[in-house]
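Me: I would like to go through this model with you and ask, term by term, what each description rests on.

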Amino acid sequence: MDDRTAMNIKAPQVVDSSAYRGGTKLKARFPTIPHLRRHARRHIPHFAFEYCDGGAGTDAGIAHNWTALDAVELVPRYGVMPDLPPLGVELFGRKYAAPLGIPPMGGPALVWPGADTFMAKAAQQARVPYTLGTVGGLTIEEAATIAPDVLWFQLYRLARNDHALGFDLVRRADAAAVHVLVLTIDVPVRTTRPREVVVGLAGGRFSPDLRMIFDMLSAPGWLMALQKYGHPQFANLTSYAGPNANINDVISFARSEIGGGFTWEEIARFRDRWKRPLVLKGIMHPLDAERAVSLGVDGIWVSNHGGRQIEALPASIDVLPAIAAQVGSRATILMDSGVRSGTDVVRALALGAQAAFAGKAFLWGLGALGADGPRHVIELLIDETRASLGQIGASSPAEANATTIRHPGALAFGQTLSP
Ligand SMILES: Cc1cc2nc3c(=O)[nH]c(=O)nc-3n(C[C@H](O)[C@H](O)[C@H](O)COP(=O)(O)O)c2cc1C
């Protein structure tokens, strides 16, 4: 019996409008994020699912993120709170509706054409952070029009010509009033994900072979969306790749420009240029967090890149408490990797994060529901976060931090470390 039969999920109806219809119906059919994953697997071309779902090596890092989160137990207190708690949080001086958001993701339009627009719209509507990636499918300027109140921008290292391109993107982000600049530091080397290799996506070109064409033909909803919204783009890089650059020119341009991990000296230069909140994404060690904060970085985003870079890392939830203990009084702590429910968000809050981000969850939502996916994922996460906070007796996201916790995987770095 396959997953779908076991879950009694009916054959997909193609949903493709930017209006979120039938939230209640969707909740009955897809009550959790794993339900969306199961459905996405059958609703989009195989190569697209492998792109969004696969991790480094054997996928062990992805599985580890999930089991580590599942292992965190929260001890409830009862008799304290008659109502469901409000979820509003302040991050970097701005109010957001809930302690959760969308992290940067390259190439989401491969999963569902138009994905970037749907995520940006849903985040703006719900007032939660939306992080546009360097290799996202919207330009910074387009994203700022769609999501003016919640837009963050993520930058990879583009070091050629003394960071000319990176600094220009930062200038554009500033002009577009982006709230937060996120520097991703956890991709010092380019790695390949075996599931992408097998389906022919790792070669640095998008040239569909017969098998991919067959995959596309077996996903009519996805094909219709492709016709309507066009193929994936690296929108922010197109204008630098030369006149008349086609998608493969832009991909090879991106591959030649993006590379290496930021050094601390480089981070200091970006700190100098960017006057609004600056976050480092991919921190896994308290001493790296300490170094970042000493350079004036405002936020530490604890992340193992969702298990996509190397499977041998600890789960981010397991290093989160040590990092929060090290710098939590001086920096905002964000977390991602493995979040599949509002209960996971509450686990992250309980262990010292101010907000948690879910990556693949949004791609599974897009894969299952197209345009309605991101909104449904946000609704699920918000409802579950509120219910879980209420269930453990926390009257606000911040109060989750006072919960008694059993955390068997917590990594001990010793006491608070000196740099
Ligand atoms: C398809 C895909 C593309 C990604 N692209 C980027 C990227 O361009 N920049 C970045 O900083 N992180 C990227 N990430 C990592 C996410 O920002 C995030 O750290 C990760 O997805 C969180 O783990 P989760 O997927 O288990 O929730 C990507 C993740 C996925 C799934």
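Reply: What follows is a set of questions about the ligand, a helix and the core of this predicted model.

Me: What makes the pair between proline 104 and the ligand a polar contact?

Reply: A polar contact needs a pair of N or O atoms within 3.5 Å, and a backbone N or O atom of proline 104 lies 2.7 Å from an oxygen atom of the ligand, so the pair meets that cut-off. A polar backbone atom of glycine 338 is 2.8 Å from an oxygen atom of the ligand, while for serine 303 a polar side-chain atom lies 3.4 Å from a ligand oxygen. Taken alone the ligand exposes 610 Å², of which the protein buries 97%.

Me: Which classes of residue make up the shell around the ligand?

Reply: The shell has nine nonpolar, nine polar and four charged residues, and the closest of the 22 residues surrounding the ligand are Pro104, Thr184, Asp336, Gly338 and Gly359.

Me: Why is helix α17 called largely enclosed?

Reply: Eight of the nine residues of α17 (residues 342–350) are buried, so the helix is largely enclosed by the rest of the structure; among them are Asp344, Arg347 and Leu349.

Me: How do you know that serine 341 caps α17?

Reply: A side-chain oxygen of serine 341 lies 3.3 Å from the backbone nitrogen of threonine 343, at the N-terminal end of α17. Just after the helix, glycine 352 takes a positive phi of about 115 degrees.

Me: Which residues have the most contacts inside the largest nonpolar core?

Reply: Within this core of 134 residues, they are Tyr130, Trp152, Leu155, Leu237, Ile300 and Ile317. Leaving aside neighbours within four places in sequence, tyrosine 130 is in contact with residues including Ile102, Met119, Leu138 and Trp152.

Key. Residues are numbered from 1 along each chain as its sequence is written. This is a predicted model: local features need pLDDT of at least 70, side-chain atom pairs count only at pLDDT 80 or more; totals for chains, interfaces and linings use all residues. Side-chain values use heavy atoms; hydrogens and water are left out. A residue is near a molecule or strand if one of its heavy atoms lies within 4 Å of it. A polar contact is a pair of N or O atoms within 3.5 Å; within protein, one must be able to donate a hydrogen and the other to accept it, and residues adjacent in sequence count only if both atoms are side-chain atoms. Accessible areas come from the Shrake-Rupley method with a 1.4 Å probe; for residues, only the protein chains shown count as cover. Ala, Val, Leu, Ile, Met, Phe, Trp, Tyr, Cys and Pro count as nonpolar, Asp, Glu, Lys and Arg as charged, and the others, Gly among them, as polar. A nonpolar core is a set of buried Ala, Val, Leu, Ile, Met, Phe, Trp, Tyr and Cys residues joined through side-chain atoms within 4.5 Å. Buried means under 20% relative accessible area, exposed over 50%, partly exposed in between (1.4 Å probe, protein chains only). Contact means heavy atoms within 4.5 Å. Helices (H or I, at least four residues) and strands (E, at least two) are DSSP runs, numbered from the N terminus.
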